[in-house]
Amino acid sequence: METLYHSTRSSNEVVTSKQAILTGIAPDGGLYVSDQLGAQLVDLARVAHQGYHATARDVLATLLSDYTADEVASCVAGAYGDNFDTPAITPLTPLGADWLLELYHGPTCAFKDVALQMLPRLMSVAREGDGHDVMIVTATSGDTGKAALEGFADVAGTGVTVFYPDGKVSDIQHLQMATQRGANVAVAGIRGNFDDAQTQVKRIFADPAVNARLAEAGVVLSSANSINVGRLVPQVTYYMDAYAQLVQRGAIAVGDEVDYCVPTGNFGDVLAGYYAKRLGLPVGRLIVASNTNKVLTDFIETGTYDRRRDFVKTISPSMDILISSNLERLLYYLTDGDCERVAAWMADLSKTGVYTLPTEVMDRMRETFDCGFATDDDTRDTIRSTWESEHVLIDTHTAVGKCVIDRRASEGRQRVCLSTANPYKFSADVLAALGVRTDGMDGFACMDALQELTGVEAPRQLSGLREAKVLHPDVCDQDEMSDFVEAACARVFA
Ligand SMILES: *Cc1c(COP(=O)(O)O)cnc(C)c1O
């Protein structure tokens, strides 16, 4: 059975998964979803006893059924090779009574690598025979940008343009992006926050004049943000693989439910957990952990999604998000595919900044989803206590999840905390949390000090930035972003 996709906001236009992956966002502004989600379950007994690559192939074959078995196999082999620093890809390690799922062993030391090492390969296969060049345009709150640049750099027939909020990413994150090599990459800071950047990128995608000019040059725009089906699907794998690791360690029997706690921003990561559940994985609770920008906590508790609040800059910047785009997909499934209602809520959100769901929809959501938030102080306390009591060093995002899960009783299930970044990606804040004064220290000084203090080695991908040259110094206004994209296309696809 072929898995077909259409927009969350209307089901008139149906596309294959290849088309959905090439397009990114649906023409009406909705996100691509499939009505066949869950019609075909993965074989749990098999998943529980196989390794990462085999499970990745099963997940892709189920959700992206127009890729041939050979295409899937070659994408999986290419995405998860020695670009990851462990053959386990996403190893599970004990953390007190719970488990830490380490999602940060890829080339940029953050969980987005798991999807962004895969997406370019899926796109490259999808564009075969179509002939167009694809320019990826991405807004990033820090980690996505570098992961997209690493994934797409020098991939034939593609280019990648990344916008980040100037001054609102860590100095190491900034260097990771500004030093990116590759003939097909473009990077700029923008004056504004992440939501401004994302809103503007959505506008560029929807701009008929820009798209017409590019089409004439044989270029189509696409997205590498977590709204792309090709980003979402690879993330389903590690929920299943974590489950398999628990079985293989004897911590659970096949069929036991497991809870997952997910540091959340755009809702992509935790939504992949929901997909895993729909595909037959025995997921107990999915715990949505937020920082002080706790729109999602308030939403899950009250049923009202309200973005009308001040945007707070926290020490977990990749979660500083007021519009969690992927939530729209969950609304679609919770209403059994009621595009009209989803479209109306999204129109409310864009017009008034708020929408409220009926009780029966919220009840359905709460059957699976739970929530909690951590302030920066909570986050720092958790980093310190986790280091002191477990001798495990966690980053500021992971600590939000750990703090939220620590406040809850376990309800008798094994619990997995998703660890979304290597602690050295946020050295200054991790070091400060351990009680060291960091005034006047740059990112590298903090890295050195953290290494000295803990004996945990800094990853080469980050420490090596010291010698790298800044190649992308640009900063632009929001209304200049569209011109920047067109100029990048002209240069890359000349
Ligand atoms: C992107 C990111 C998150 C949030 O993930 P979403 O899929 O946007 O919810 C959490 N932690 C880190 C380190 C990230 O880079």
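In what order do the three strands of the open sheet lie, and is their pairing parallel or antiparallel?

## The small sheet order

In this predicted model, the three strands of the open sheet follow the order 2-1-3, with antiparallel pairing. On the edges are strand 2, at residues 15-16, and strand 3, at residues 32-33, each of which pairs on one side only. As background, the strands of a sheet pair through backbone hydrogen bonds, in either a parallel or an antiparallel way.

Let us look at one of these pairings. Strand 1 covers residues 4-7 and joins strand 2 in the antiparallel sense over two bridges. Here Y5 faces V15 of strand 2, the two residues standing opposite each other.

## Around the ligand

Now for the ligand, which has 15 residues surrounding it. The closest of them are K112, D143, G265, N266 and T420. Sorted by class, this shell holds seven polar, five nonpolar and three charged residues.

The space that the ligand takes up is the largest cavity.

## Polar contacts and burial

Which atoms of the protein come into play here? On the backbone, an N or O atom of F267 lies 3.0 Å from an oxygen atom of the ligand. G268 likewise has a backbone N or O atom 3.3 Å from an oxygen atom of the ligand. T420 contributes through its side chain, where an N or O atom is 2.8 Å from a nitrogen atom of the ligand.

How much of the ligand does the protein bury? The ligand taken alone exposes 380 Å², and the protein buries 98% of that area.

Technical notes: Residues numbered from 1 in each chain as written. Predicted model: local features only at pLDDT ≥ 70, side-chain atom pairs only at ≥ 80, totals over all residues. Heavy atoms only, no water. Near = heavy atom within 4 Å. Polar contact = N/O pair within 3.5 Å; in protein donor to acceptor, adjacent residues only side chain to side chain. Areas by Shrake-Rupley, 256 points an atom, 1.4 Å probe, with all protein chains shown as cover. 1 Å grid on protein atoms, 1.4 Å probe; cavity = no way out; pocket = protein on both sides within 12 Å on 5 of 7 lines; lining within 4 Å. Sits in = over half its atoms within 2 Å of the grid points. Nonpolar A, V, L, I, M, F, W, Y, C, P; charged D, E, K, R; others polar. Pairing = 2+ DSSP bridges. Helix = DSSP H or I, 4+ residues; strand = E, 2+ residues; numbered from the N terminus.
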